[in-house]
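Please walk through this protein chain with its sequence and coordinates side by side. The paragraphs below begin with a single residue and then widen to the sheet, the core and the covalent link.

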Amino acid sequence: MKNILLASALLLAAPMAAHAACSATDFTIQDFKVAAGSSGLSSKMTMKGQLVNHCAEAAAAQVEIQAKDASGNVIASKKGWPAGTTNIGPGQSVEFDLGRQFHYDPNMQTYAAGIASVRAW
């Protein structure tokens, strides 16, 4: 009887194990561009790009943007979920702009965007 229960449990778990979860390498960021503009006394930053899901399953990814000084030191870093709590379908993409999370600093010289984490909602 134990062997039958064990075999049944393994057969139920097998379909789940066959589907690997999506990872950070399954997502890419395309056309990432940064711009700063002034409007009155404040500067508005735009950090636009396109998050693309290359995974075989629907999932979401958290994007991290780092602003670096001339020496390459990170002086500001922010994360955001471009699709919110919505999964992005396989082969689909969403556009994002995380610039509103940053305050302009003239020491910001270069920017890097990457995938911080992945999950299915």
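Is T46 buried or exposed? With a relative accessible area of 18%, T46 is buried, because buried here means a relative accessible area under 20%. This residue lies in strand β2, and, once its neighbours within four places in sequence are set aside, its contacts are K33, V34, A35, D97 and G99. The model in which this is seen is a predicted one, and the values that follow should be read in that light.

To place T46 in the whole, it helps to step back to the overall layout. The protein chain has 1 helix and 6 strands, and from the N terminus on its elements follow the order α-β-β-β-β-β-β. Of its 121 residues, 25% count as buried, and the accessible surface of the protein chain comes to about 7800 Å², with 54% of that area belonging to carbon and sulfur atoms. Among the contacts in the protein chain with a separation of 6 or more, 69% are accounted for by residues 24 or more positions apart.

The next element to follow is the open sheet of 3 strands, whose order is β4-β3-β6 and whose pairing is antiparallel. Its edge strands are β4 (74-80) and β6 (110-119), each of which pairs on one side only, and the twist from one strand to the next averages 20 degrees. On one side, β3 is joined to β4 by 6 bridges, the two strands running antiparallel; β3 is also joined to β6, again antiparallel, by 9 bridges.

Individual residues of these strands show how the pairing is laid out. E64 stands opposite K79 in β4, while in β6 the bridge partner of E64 is G114, so that this one residue can be used to trace the pairing with both strands. Further along, A67 has A76 as its bridge partner in β4, and K68 stands opposite V74 in β4. The strands β3 and β4 form a hairpin with 5 residues between them, and in the turn G72 has a positive phi of about 90 degrees.

Another residue of this sheet deserves a closer look, namely Q62, whose place is in strand β3 (residues 60-68). Q62 counts as buried because its relative accessibility is 15%. Not counting residues up to four places away in sequence, Q62 touches K79, G80, W81, G114, I115, A116 and S117.

From the sheet, the view can move to the nonpolar interior. In soluble globular proteins, nonpolar side chains tend to be buried together. Here the largest nonpolar core has 18 residues, and those with the most contacts inside it are F27, L51, V63, I65, F96, F102 and M108. The elements that give two or more residues to this core are β2 (42-53) and β3, and β3 gives the most, with 4 residues. F96 offers a way into the surroundings of this core: leaving aside its neighbours within four places in sequence, F96 is in contact with I29, F32, M47, K48, G49, Q50, L51, V63, I65 and P82.

The last feature to consider is covalent. How many disulfides does the count come to? The count comes to 1 disulfide, which is formed by C22 and C55, with their sulfur atoms 1.9 Å apart. The torsion about the S-S bond of this pair is about -85 degrees, so the disulfide is left-handed. C22 lies in the loop between α1 (2-18) and β1 (27-39), whereas C55 lies in the loop between β2 and β3, and the pair therefore ties together parts that are 33 residues apart in sequence. Both cysteines are buried, C22 as well as C55.

Conventions
Residues numbered from 1 in each chain as written. Predicted model: local features only at pLDDT ≥ 70, side-chain atom pairs only at ≥ 80, totals over all residues. Heavy atoms only, no water. Buried < 20%, exposed > 50% of the residue type's maximum accessible area, 1.4 Å probe, protein only. Contact = heavy atoms within 4.5 Å. Areas by Shrake-Rupley, 256 points an atom, 1.4 Å probe, with all protein chains shown as cover. Core = buried A, V, L, I, M, F, W, Y, C linked by side-chain atoms within 4.5 Å. Disulfide = S-S within 2.5 Å. Pairing = 2+ DSSP bridges. Axes fitted to C-alpha atoms, helices over the stretch in contact; angles between N-to-C directions.
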